Amino acid sequence: MSQATTFTPFEILARYERLSLIHASETPEKLEAPGLWRGIGYRAGSRLFVSGIEEINELLAPPPLTPVPGTQPWLLGIANVRGNLVPVIDLARFLFGERTLQNERSRLLVVRQGGGSVALLVDEVFGQRTVDAEQRRDAEPEDDARLSRFVEDRVGEQRLAVFSMNRLVRAPDFRQAAA
């Protein structure tokens, strides 16, 4: 008759941790695919956009907002996102003057800028989109003058406008939210 070894709960958890770390070290840190560009697809107003996955820090449902008096109408207010105060911008209202009507599909795209983060309210998010080199070569230039300073081109079957969050957060009119 063999004697069964008993382990404490801590020893069991430590073993699971060792096994998961071994597994994680064998998995590549990043999926590298030459010629592929990954982005997050979303809709603001009637327009379809995609922004680089590296430009968007987080996606979340809109939390309660605190209005800020004396600001542009596209600055909806300030949200508390895990203890950080983040200004919330209605992207469609900033770009086109069209107010976004919030519903269960509305989302915030949290983007890093110079002094912190800013959240952009969009009508809906479609998730990750991958664009290959051929689709980038076949891209069409943006024809809407309101968007040309933020949009590089339009790609994919849906002709998604490639929207630069970096250009947006550096735009002087975006940075000047006071009315």
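1. Arg 43 is partly exposed in this predicted model, with a relative accessible area of 24%. The side chain of Arg 43 meets that of Glu 124 in a salt bridge, with an N to O distance of 3.0 Å. Arg 43 belongs to strand S1 and Glu 124 to strand S8 (residues 124-131). The two residues are 81 residues apart, and the pair links distant parts of the chain.

2. Is Glu 124 buried or exposed? Glu 124 counts as buried, because its relative accessibility of 9% falls under the 20% limit. Arg 43, at 24%, lies between the 20% and 50% limits and is therefore partly exposed. This salt bridge thus pairs a buried acid with a partly exposed Arg.

3. Glu 124 has a further partner in Arg 105, where the closest N and O atoms are 2.8 Å apart. Arg 105 sits in the loop between H2 and S6, and Glu 124 in strand S8. Here the separation along the chain is 19 residues, and this pair too links distant parts of the chain. Which residues are joined into one network by salt bridges that share partners? They are Arg 43, Arg 105, Asp 123 and Glu 124. The count of salt bridges in the model comes to five.

4. Glu 58 and Arg 82 form another salt bridge, with the closest N and O atoms 2.4 Å apart. Glu 58 is in strand S3 (residues 58-60), whereas Arg 82 is in the loop between strand S4 (75-81) and strand S5 (84-90). The residues are 24 apart and link distant parts of the chain. Glu 58 is partly exposed, at 23% relative accessible area, while Arg 82 is exposed, at 61%.

5. The backbone of Arg 82 deserves a separate remark. Phi of Arg 82 is near 50°, a positive value in a residue other than glycine. Arg 82 is a loop residue, found between S4 and S5, and its 61% relative accessible area makes it exposed.

6. The largest nonpolar core has 29 residues, and Phe 49 and Phe 163 touch the most other members. Two or more core residues come from each of strand S1 (37-44), helix H2 (91-96), strand S6 (107-113), strand S7 (116-122), strand S10 (160-163) and helix H4 (165-170). H2 gives the largest share, five residues. In soluble globular proteins, nonpolar side chains tend to be buried together.

7. What does Phe 163 touch, leaving out residues up to four places away in sequence? Its contacts are Tyr 42, Phe 49, Val 50, Ser 51, Glu 55, Leu 91, Leu 95, Phe 150, Val 151 and Leu 168. Another core, of nine residues, lies apart from the largest one; its members include Ala 79, Val 86, Val 88 and Leu 121.

8. A nonpolar patch lies on the surface, formed by Phe 7, Ile 12, Leu 13, Tyr 16, Leu 19 and Ile 22. Together these residues have about 630 Å² of accessible area. Ile 22 lies in helix H1 (residues 9-26). Ile 22 counts as partly exposed at 49% relative accessibility, because the exposed class needs over 50%.

Notes: Residues numbered from 1 in each chain as written. Predicted model: local features only at pLDDT ≥ 70, side-chain atom pairs only at ≥ 80, totals over all residues. Heavy atoms only, no water. Patch = residues over 30% accessible without salt bridge, like charges linked within 9 Å, V, L, I, M, F, W, Y side chains within 5 Å. Areas by Shrake-Rupley, 256 points an atom, 1.4 Å probe, with all protein chains shown as cover. Salt bridge = Lys/Arg side-chain N within 4 Å of Asp/Glu carboxyl O. Helix = DSSP H or I, 4+ residues; strand = E, 2+ residues; numbered from the N terminus. Buried < 20%, exposed > 50% of the residue type's maximum accessible area, 1.4 Å probe, protein only. Core = buried A, V, L, I, M, F, W, Y, C linked by side-chain atoms within 4.5 Å. Contact = heavy atoms within 4.5 Å.
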